[in-house]
Amino acid sequence: MNLLCGLFQNFWTKFYNSCVRNVSYSVRCTVGLGMILGALLLFVLSTKGSKKGEMVGSWTLFWLSAILLVAGVVYLNLK
C-alpha cells in the first residue's frame, strides 16, 4: 500500500510540475480561457432541448460545463 501511495504521489508531482508550475503565463491563460470557452459551448449545447418549457435539455452536458468552468477558473488562479 505504501508503494502504491508513493507511486501516486510521484505521478501527481510530475504532472503538477509539468502542467501547472513550469508553464508560462501565456500558455496558462490560453488553456484557462479555452476551458472557459469550452464550458460556455457545452452550456449552450445543454440548453437545446426538445421541450420549450425546460431550460436544460441535457443534464450531463450541463454538469460537464459546470465542472469545466470551475476547473478553468481554478487553473487561471493558480500561481
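**Close-up views of a predicted helical model**

Leu 42 is partly exposed, with a relative accessible area of 21%. That value puts Leu 42 in the middle class because buried requires under 20% and exposed requires over 50%. The model shown in these views is predicted.

**View 1. Surroundings of Leu 42 in helix H2.** Leu 42 lies in helix H2. Not counting residues up to four places away in sequence, Leu 42 touches Leu 61, Leu 64, Ser 65 and Leu 68. Ser 26 is 16 residues from Leu 42 along the chain, and the C-alpha atoms of these two residues are separated by 24 Å.

**View 2. Helix H2 and the helices that its buried residues pack against.** Helix H2 covers residues 25-47, 23 residues in total. From its first C-alpha to its last, H2 reaches 33 Å, close to the 33 Å expected at 1.5 Å a residue. Buried positions in H2 are Arg 28, Gly 32, Ile 36, Ala 39 and Ser 46. The packing partners of the buried H2 residues are helix H1 (2-21) and helix H3 (59-77).

**View 3. Contacts of Ile 36.** Ile 36 is a residue of helix H2 and is one of the buried residues there. With residues up to four places away in sequence not counted, Ile 36 touches Leu 69, Gly 72, Val 73 and Leu 76. Ser 65 is 29 residues from Ile 36 in sequence, with a C-alpha to C-alpha distance of 8.6 Å.

**View 4. Gly 72 in helix H3.** Gly 72 is found in helix H3. Gly 72 counts as buried because its relative accessibility is 0%, and the cut-off for buried is under 20%. Leaving aside neighbours within four places in sequence, Gly 72 is in contact with Gly 32, Met 35 and Ile 36. Among these contacts, Gly 32 and Ile 36 are themselves buried in H2. Leu 45 is 27 residues from Gly 72 in sequence and 18 Å away in space, C-alpha to C-alpha.

**View 5. A nonpolar surface patch that includes Phe 8.** Phe 8, Phe 11, Trp 12 and Phe 15 form a nonpolar patch on the surface. Together these four residues have about 500 Å² of accessible area. Phe 8 is found in helix H1. Phe 8 is classed as exposed because its relative accessible area is 58%, and exposed means over 50%.

**View 6. Confidence along the predicted chain.** The protein chain has an average pLDDT of 87, and 97% of the residues score at least 70. Among the elements of the chain, H3 has the highest mean pLDDT, 93, and H1 the lowest, 85. The patch residue Phe 8 is in H1, whereas Gly 72 is in H3.

Methods. Residues are numbered from 1 along each chain as its sequence is written. This is a predicted model: local features need pLDDT of at least 70, side-chain atom pairs count only at pLDDT 80 or more; totals for chains, interfaces and linings use all residues. Side-chain values use heavy atoms; hydrogens and water are left out. Helices (H or I, at least four residues) and strands (E, at least two) are DSSP runs, numbered from the N terminus. The expected span of a helix is 1.5 Å times one less than its number of residues. Buried means under 20% relative accessible area, exposed over 50%, partly exposed in between (1.4 Å probe, protein chains only). Contact means heavy atoms within 4.5 Å. pLDDT is the predictor's confidence in each residue, from 0 to 100. Patches are made of residues with over 30% relative accessible area and no salt bridge: like charges are joined within 9 Å, nonpolar side chains (Val, Leu, Ile, Met, Phe, Trp, Tyr) within 5 Å. Accessible areas come from the Shrake-Rupley method with a 1.4 Å probe; for residues, only the protein chains shown count as cover. A salt bridge is a side-chain nitrogen of Lys or Arg within 4 Å of a carboxyl oxygen of Asp or Glu.
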